[in-house]
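User: Please take a close look at one part of this structure, the open sheet and its edge. I should like a connected account of how the strands are arranged there.

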Amino acid sequence: MNSEKTEGNERQILIEIIDKLCVEHMFKKGREGEKEFEMLLTTQNEDGLRYLKRKARETADRIYGKIIYIRGLIEFTNYCKNNCFYCGIRKDNNRIQRYRLSHDQILECCHKGYEFGFRTFVLQGGEDAYFTDDKICSILSDIKSNYPDCAVTLSIGEKSRESYQAFFDAGADRYLLRHETANEEHYKKLHPSEMSLANRKQCLSQLKEIGYQAGCGFMVGSPYQTMQTLYEDLIFMREFQPHMVGIGPFIPQKDTPFGEQKAGTLDRTLRLLSIIRLMNPHVLLPATTALGTIHLRGRELGVTAGANVVMPNLSPAKVRDNYKLYDNKIYTGVEAAEGITELSNKMSEIGYQIVTDRGDFR
Ligand code: SF4
């Protein structure tokens, strides 16, 4: 009887926190807010958790309808000058086979993607000096002139303001640059000393000033992440007001300094997707490949928790295994652009429809 009463109380408190988040998109100020967040992230109250996901899903439905946007992901280079401790394509990892796609190969991926119904292409790669600004701009111009009804998202890391401007002028619409953590100390534990959170934040501000639809994000369960650092991530994102947020579970890659670390969990990622949806109702929120990697139905569960974007892989099949940000990454079946019909069926099973649409921020 007493435990039922306690459970009922907890449920009531959770509902109050969630209802307030739906209206104010923010937790209480100060320590009280952190406690509210902690409760949402750690509660075992099933009713409360169901309510959180339901409210997040309803929020996305109200703004975007029962549709899911698709983005064709083109991983065009796995060379990188950086050495982020968590990343499988870091410079010092000499156990992977490096590759670059040519200008024509990238255009070929877009051609294939367009036929499949993709109207956004995401060009993602490491920070690779081979791809000079001129090369990137020429790729962008060709994509935009061949496919004027498509959007292009770049995800190629930290660049100068001038480079960002040049890419924008050449036709890039969106830019995804995960901030990784909004906590200075945590940032230093994930990156070598030549990288800084201050520079990353400055890049994000510049992207927004230039006029990009800008996205940030982080890994759930990255080494040294705490309740406090996660809370700082949410506060940062609430202030930054991103157009997109990319979050997925941290998954270790064995040839990195974090190769032995524990992976992030499905449960925590889903809770955070829902909280982010309620704090940033209009945000474009992918159910990431990493989520699909740690659970067979990760993508669908992500959608039911508030995500509204999926990014199947459009890279040529022979290089997909080499873009090894983490181990066991999936790149066949519904994760591959070729599996679009299967993906579409899976989404319709949970009541959602994949659309042929740029899927801009509303
Ligand atoms: S996370 Fe990005 S910048 Fe860091 S090593 Fe990997 S590809 Fe390079």
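Analyst: What follows is an account of the sheet, with attention to one of its edge strands. The model is a predicted one. Six strands form an open sheet in which the pairing is parallel, and their order is E2-E3-E4-E5-E6-E7. Strands E2 (72-77) and E7 occupy the edges; each has a single partner strand, so one side of each lacks a neighbour in the sheet. From one strand to the next, the twist averages 20 degrees.

Towards the E7 edge, the pairing can be followed strand by strand. Strand E5 (residues 174-176) runs parallel to E6 and is joined to it by three bridges; within this pairing, arginine 174 stands opposite glutamine 213 of E6. Strand E6 (residues 213-220) is in turn joined to E7 by six bridges, and these two strands also run parallel. Here cysteine 216 has valine 245 in E7 as its bridge partner. The connection between the two strands involves helix H9 (residues 227-240): E6, H9 and E7 make a right-handed β-α-β unit.

The edge position of E7 should be read together with its burial. One side of E7 is left without a neighbour in the sheet, because E7 has a single partner strand. Nevertheless, six of the six residues of E7 (residues 244-249) are buried, so this strand is largely enclosed by the rest of the structure. For this classification, a residue is buried if 20 or more other C-beta atoms lie within 10 Å of its own.

Methods
Residues are numbered from 1 along each chain as its sequence is written. This is a predicted model: local features need pLDDT of at least 70, side-chain atom pairs count only at pLDDT 80 or more; totals for chains, interfaces and linings use all residues. A residue is buried if 20 or more other C-beta atoms lie within 10 Å of its own, exposed if 12 or fewer, and partly exposed in between; C-beta atoms are placed from the backbone. Helices (H or I, at least four residues) and strands (E, at least two) are DSSP runs, numbered from the N terminus. Two strands pair if DSSP finds at least two bridges between them. A crossover is right-handed if, with the strands pointing away from the viewer, the path from the first strand over the helix to the second runs clockwise. Axes are lines fitted to C-alpha atoms, for helices over the stretch in contact, and angles run from 0 to 180 degrees between N-to-C directions.
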